[in-house]
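Biologist: I would like to go through the labels on this model one by one. Let us put it on screen.

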Amino acid sequence: MKLMDDRSWMYRDLPQELQMMDYCNGVQDFINFATSIPRNFTDGGIRCPCRKCKNLKFLHQDVVTMHLLTKGFMEDYLCWYAHRELFVPNESVEEQVVGSTSSVSNMHEVGNENINPYKNMVMDAMRMSEGNVRECPIVEEEPNADATRFFNLLKDSDEPLWDGCMNHIKLSAVAQVFTIKSNHGLSEAGYDKIIEWARSILPEGNRLKENFYAVKSMMKPLGLGYQKIDICPNFCMLYYLKNAEMTECMTCGHSRYKPRTGRGKTLVAYKKLRYFPITLRLQRLFMSPRTTEHMTWHQSHHAVDGVMVHPSDGEAWKHFNSVHPHFSAESRNVHLRLCTDEFNPLGSFAAPYSCWPVILTVYNFPPGMCMRPEFMFLSMVIPGPSSPGRNIDVCLRPLIDELMQWWSSEALSYDISRKQNFVIGAALMWTINDFLAYGMVSGWSTHGKLACPYCMENNKAFTLTNGGKASFFNCHRHFLSPNHRYRKNKNDFFIDRVEKDVAPPRLSGVELFDVVSEYGDIVFGLQSGKQKFPGFGLTHYWVKRSIFWELLYWKTNFLRHNLDVMHIEKNMFENIFNTVMDVKGKTKDNIKARLDVAMFCNRKNMELVCDGSQVAKPRTSFVLEKNAELLVYKWLKSPCFPDGHASNISRLVNTEECRLYGMKSHNCHVFMQTLIPLAFRDFLPKGIWDALTEISHFFRDICSSKLNVDHIERLETNIIETICKLEIIFPPSFFDSIEHLPVHLPFEVKVGGPVQYR
């Protein structure tokens, strides 16, 4: 078998007979290759690269064969790097690898060498999975200074810990001891004592670094460091750049440092922001042969008209390229996504603590690589215990400054595949957050009647008289076509109200920038009080001018902030399930809801019935009877899903209390798209079941990994009618902002591409 032969047989679709013959022969070739290298064996087994095991388990070769025949290979495993195959791109072997041949014998020689996994750590520098990498090629252009330091560290990885050592190299020993220090919380003094003892028992002339300071100097070229930036405990300001020497907050006057205790001389800040610069990590993507060739996929792949499989197929990406041709001319420029969410590092049962990690994702890669954890870069950790709220802009300042530098001045990088230095740029395409964090990041408040960031002041939400909350009931008929029958319906929506208005316009980025530019700056800080711009709550919901507008290209983006589909789907599922199953304390159909129905709707069957001093709530057609509820909960104990598809939902069902406990977002995702039509099919009237099935299929279709633009446009029309059907069924209290947002999801999909990337 030639080195890196054509392996399309691993994934291509062929007629069944030919596919099985071709695939079985290929699997046997793989087994022969993997078992021919002794170092592939651990405890009598080899790594299994099937879709389930993903090279994480060592199994007997017969079991591996069976797994591959029944489950198939894991994604993107054309190069068998975990089985000690030399990485070679799809070019001639002789041109790419120094001293290599295409013979099987040479391939086995490579496999029998002392493979150095720490070289992979250096080459990737961002926690990529283990694998074998080729030797550094002969460069045609001298690497720049940063790249030279990086390759010098690579050379160090091949230096044995002492002359004649076969098990450890200098970098591997340092990395392992460094990991022990981190995992067990050793102090620097304790680390130095361990190293001093280890050096005393190692042979003379060993190359183990003598102390922690020397180790940090050795590891620094990796670019894995971070900056500690002091921040005011009230999120008023950062002690950063020109304010780095200040000792108290210039807004609230809070001291920067804690009072000294005892004789300690070290000043300890009340709160520290951890910032992880992204420049070196993005440059490393082009210094690794395993990633650099994929960094131009977004421009080189063949896109099918009307079909979207990647954000680069969406309108927003194409519009960005047309507006900024100087950026799109260099296919290696990096496209990024930002996301952040609240996180409690102490666990869900511990004391409340709000920590906010900020993560950047690289979009250049193909679909199989784009959302892997190794390409999601932690750029910042915003400390708690309180949430920064709208003051998150204060914390994002270092990241925005670095993004502005990447756009204006760019950075010199080295491309190992083309063997040349080049100037690289980066741009932030959009952000993705749940709906609460959406308001923090975008500057448009997501609470109350004007919560929708698309309809803005043009929506028709109102406050329920008895419920006291904002309702988006009857806010969707104006999206329908002018002659739709629901527009003239006076009985099933608001009493005697005909809808004649048209859908509100979606403002462009330039138009929004002109609007927010009219508002001044606010004083950040948790103690700065409520600051409202004129007209807040009446004509707008702007609480600040977001820091993202400082990016020169931000106003030209089609899509700046994404709605989180999983968050919307989870909340919508919970509202539907809790209302249909009449879950006490969580149903949207309560006494106050019935009082509001009598005020706004013509639904006599839902009005409260007074019997002397008691008030009864009649059962409606969308609420299951008690025996039907029990049957549904018992049925939920029985479904079985394929491995990895969903958690064991039966463990979350309490049939005695008739409730679900601990439903995570993915569980709700599976339930919404798969189980709702099945669970309620035999218990609800056909009209209600049809509406719930339509909303289930909507989320299923919109979450597809391969999207057809024509189908998305049909979804954009159909979802409006589906929401109107739900308005006919459920009371006004059911419709908060979450039930309204699905109307705008098809637009975001059409502009931004498949949901799983956003």
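**Sheet pairing and cysteines**

Modeller: The model is predicted. Strand S4 (residues 272-275) and strand S8 (residues 376-382) pair in the antiparallel sense over two bridges.

Biologist: Why are S4 and S8 called paired?

Modeller: Pairing takes at least two bridges. S4 and S8 have two bridges, so they count as paired. The bridge partner of Tyr 275 is Met 380, in S8.

Biologist: What is the order of the strands in the open sheet?

Modeller: Seven strands run S3-S4-S8-S7-S6-S11-S14, with mixed pairing.

Biologist: What makes S3 and S14 edge strands?

Modeller: S3 (227-230) and S14 (561-563) each have a single partner strand, so one side of each lacks a neighbour in the sheet. From one strand to the next, the twist averages 25°.

Biologist: Which strands does helix H16 touch?

Modeller: H16 (residues 435-442) packs on the sheet and touches S6 (334-340), S7 (356-362), S11 (426-433) and S14. Its direction makes about 165° with that of S14.

Biologist: Now the cysteines. How do you know that Cys 249 is in no disulfide?

Modeller: The nearest cysteine sulfur, that of Cys 252, is 3.6 Å away. A disulfide needs the sulfur atoms within 2.5 Å, so this pair does not qualify.

Biologist: And what rules out a disulfide for Cys 452?

Modeller: The nearest cysteine sulfur belongs to Cys 455, 3.7 Å away. The cut-off is 2.5 Å, so that pair fails too. The count is zero disulfides.

Biologist: Why is Cys 452 called buried?

Modeller: Its relative accessible area is 1%. Buried means under 20%, so the label holds. Cys 249, at 4%, is buried by that rule too.

Terms used:
Residues are numbered from 1 along each chain as its sequence is written. This is a predicted model: local features need pLDDT of at least 70, side-chain atom pairs count only at pLDDT 80 or more; totals for chains, interfaces and linings use all residues. Side-chain values use heavy atoms; hydrogens and water are left out. Helices (H or I, at least four residues) and strands (E, at least two) are DSSP runs, numbered from the N terminus. Axes are lines fitted to C-alpha atoms, for helices over the stretch in contact, and angles run from 0 to 180 degrees between N-to-C directions. Contact means heavy atoms within 4.5 Å. Buried means under 20% relative accessible area, exposed over 50%, partly exposed in between (1.4 Å probe, protein chains only).
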